[in-house]
Amino acid sequence: EDGGSPPRSSTAILQVTVTDVNDNRPVFKENDIEVSVPENAPVGTSVSQLHATDADLGSNAQIHFYFSNQISSLAKRLFAIDNTTGLITIREPLDREESPVHKLTVLASDGSSTPSRATVTVNVTDINDNVPSIDTRYIINPVNGTVLLSEKAPLNTK
C-alpha cells in the first residue's frame, strides 16, 4: 500500500516450499526382542520382523536395516536380514548344541550420521535330534571285545 490519497495497493501471492532435511533418525517400535526358534526350523524360516519409522519425508525417510559388525561370525552365517523390510530369516541350519542363544544387534539407518539400534535375542530350542550314546568302560580288560568272567565269580562282581 502506498502513502497516496486515495491509497493504492497491490497484492501478490507468495508460495514458500519447505524442503525436508534429514534431521530425524529412525525409531524402532521395539528395542529389545526375544524369540524362540526350534533347532530344526528350515532354512528361510522367519525369525523376527523388525519395524522402524522415520519422521522425515521422501528419500530421507527410507530406512535400511543391517546387522552390526559386533555380532558373532556364527550369527552372521546363520541369519540374514532383508535390508528394506527388516525381516530376519534363517540362512543355515541351526544347532542348539553348538550355540543355544544368538544376540543379533540390528541397525536402522536413513543415511544420516547415527543409526538406531535394536537387539534380537534368538533362543534356539532343543529338538530330540541326538541318539543316546553308551560309553563302555571295562574294569576287566576285554579279549577281542569280549569280557571273560568265571561262573564261580561271587555276586556283585564288577
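This report describes a sheet, a salt-bridge network, a buried residue and a surface patch in one structure. The model is predicted.

**The sheet**

Three strands make up an open sheet, arranged in the order β3-β7-β6 with antiparallel pairing. At the edges stand β3 (46-49) and β6 (79-81); each has a single partner strand, so one side of each is left without a neighbour in the sheet. From one strand to the next, the twist averages 20 degrees. Strand β7 (residues 87-90) and β6 are joined in the antiparallel sense over three bridges. Within this part of the structure, Ile-81 is placed opposite Ile-88 of β7. As a general matter, the strands of a sheet pair through backbone hydrogen bonds, in either a parallel or an antiparallel manner.

**The salt bridges**

Side chains of opposite charge can pair when their charged atoms come close. The structure holds two salt bridges, listed below with their N to O distances.

| Side chains | Distance, N to O | Separation in sequence |
|---|---|---|
| Arg-77 and Glu-92 | 3.0 Å | 15 residues |
| Arg-77 and Glu-98 | 3.9 Å | 21 residues |

The bridge between Arg-77 and Glu-92 links distant parts of the chain, with Arg-77 in helix α1 (residues 73-78) and Glu-92 in the loop between β7 and β8 (101-109). In the bridge between Arg-77 and Glu-98, Glu-98 also belongs to the loop between β7 and β8, while Arg-77 lies in helix α1, so the pair ties together parts that are 21 residues apart in sequence. Through shared partners, the salt bridges join Arg-77, Glu-92 and Glu-98 into one network.

How exposed are the members of this network? Arg-77 is partly exposed, with a relative accessible area of 37%. Glu-92 is likewise partly exposed, at 30%, and Glu-98 is partly exposed, at 47%.

**A buried residue and a surface patch**

Is Ser-116, in strand β9, buried or exposed? Its relative accessibility is 4%, and Ser-116 therefore counts as buried, the limit being under 20%. Leaving aside neighbours within four places in sequence, Ser-116 is in contact with Arg-25, Pro-26, Val-27, Phe-28, Val-106, Leu-107 and Ala-108.

Elsewhere, Ile-139, Ile-140, Val-147 and Leu-149 make a nonpolar surface patch of about 360 Å². One of these residues, Ile-139, is found in the segment after β9 (116-125). Ile-139 has a relative accessible area of 63%, and because exposed means over 50%, this residue is classed as exposed.

Note on methods: Residues are numbered from 1 along each chain as its sequence is written. This is a predicted model: local features need pLDDT of at least 70, side-chain atom pairs count only at pLDDT 80 or more; totals for chains, interfaces and linings use all residues. Side-chain values use heavy atoms; hydrogens and water are left out. Patches are made of residues with over 30% relative accessible area and no salt bridge: like charges are joined within 9 Å, nonpolar side chains (Val, Leu, Ile, Met, Phe, Trp, Tyr) within 5 Å. Accessible areas come from the Shrake-Rupley method with a 1.4 Å probe; for residues, only the protein chains shown count as cover. A salt bridge is a side-chain nitrogen of Lys or Arg within 4 Å of a carboxyl oxygen of Asp or Glu. Helices (H or I, at least four residues) and strands (E, at least two) are DSSP runs, numbered from the N terminus. Buried means under 20% relative accessible area, exposed over 50%, partly exposed in between (1.4 Å probe, protein chains only). Two strands pair if DSSP finds at least two bridges between them. Axes are lines fitted to C-alpha atoms, for helices over the stretch in contact, and angles run from 0 to 180 degrees between N-to-C directions. Contact means heavy atoms within 4.5 Å.
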